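Trainee: I would be grateful for a close look at a single part of this protein. Please begin with one residue and then turn to the nonpolar interior.

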Amino acid sequence: MLFPIAYPIAHMGKNETGRKIIAALQVSVDGFIEGVNRELDWAMAEDEETWRKDFEMLAHVDTFILGRKMYPGYEQYWLAVLANPDGILPFSGRPATRNEIDYARLADRTPHIVLSSTLDKVAWKTTRIVRDVEEIQRLKQQPGKDIHAIGGATLVSSLMNLGLVDEIQLLANPIILGGGKALFKDVKDRHALKLVQAKPFKSGKVSLTYITQSEKM
């Protein structure tokens, strides 16, 4: 939930504007992004290979998008890292790692967009609220680097249903949760994908990168 993941090859899968929306999330082998009790410990273990890929991706991104349900916890966690890196953090129950501090500082200077019809205010100076997905469509047509859809599941499904996602990056964790929140539970219809990269990590995770196809199956 709280972490971005890998960027494969910068030139792959560009749309006609040259700007992509990349949906990048961690999942269990059985396709869940959180457990039945919303647990995320399985996705929060420190992994140098994952972070190395993270920062490669972030070099090609200038905007983050999040959904209403994910954003409050995301903001709470990363603002806590910025405020007191040596303190005990929410969710993880430990001090920030070096990689987390680097990500928090990067996020603190990267524009964030929260797509929500109900959220009234945010605390992070880099964040603004948008009410309509049409604004995301307009943003995609503007000049700039790629756009990272961090999550959660409802946001990714909404973007997929409107054909706005160009690339899907999944970091499959070596665990079966047996239930929880399914990543694609709200996606309508079938969508053809092209696998462009699969890379196993020493941790047992596997990075999978797909390009979405213009024609639904």
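**A buried threonine and the nonpolar cores**

Mentor: Thr-63 counts as buried, because its relative accessibility is 6%, under the 20% cut-off for that term. Please bear in mind that this is a predicted model. Thr-63 is found in strand S3, which covers residues 61-67.

Consider next the polar contacts of its side chain. The side chain of Thr-63 is joined to that of Asp-62 by a polar contact of 3.0 Å. Another polar contact, at 3.4 Å, links the side chain of Thr-63 with the side chain of Arg-19. Arg-19 also appears among the residues that Thr-63 touches when neighbours within four places in sequence are left aside. The others in that set are Thr-110, Pro-111, Ile-113, Leu-139, Asp-146, Ile-147 and His-148.

We may now turn to the nonpolar interior. The largest nonpolar core has 26 residues, and Ile-21, Ile-136, Leu-159 and Leu-183 have the most contacts inside it. At least two residues of this core come from each of strand S1 (21-28), strand S4 (112-115), helix H4 (133-141), strand S6 (146-151), helix H5 (153-161) and strand S7 (167-173). Helix H5 supplies the largest share, 5 residues.

Leu-183 deserves a closer look. Residues up to four places away in sequence not being counted, Leu-183 touches Leu-25, Val-27, Gly-31, Ile-33, Ala-153, Ser-157 and Leu-170. Apart from the largest core lies another core, of 25 residues, including Leu-40, Leu-58, Ile-101 and Ala-104.

Terms used: Residues are numbered from 1 along each chain as its sequence is written. This is a predicted model: local features need pLDDT of at least 70, side-chain atom pairs count only at pLDDT 80 or more; totals for chains, interfaces and linings use all residues. Side-chain values use heavy atoms; hydrogens and water are left out. A nonpolar core is a set of buried Ala, Val, Leu, Ile, Met, Phe, Trp, Tyr and Cys residues joined through side-chain atoms within 4.5 Å. Buried means under 20% relative accessible area, exposed over 50%, partly exposed in between (1.4 Å probe, protein chains only). Helices (H or I, at least four residues) and strands (E, at least two) are DSSP runs, numbered from the N terminus. Contact means heavy atoms within 4.5 Å. A polar contact is a pair of N or O atoms within 3.5 Å; within protein, one must be able to donate a hydrogen and the other to accept it, and residues adjacent in sequence count only if both atoms are side-chain atoms.
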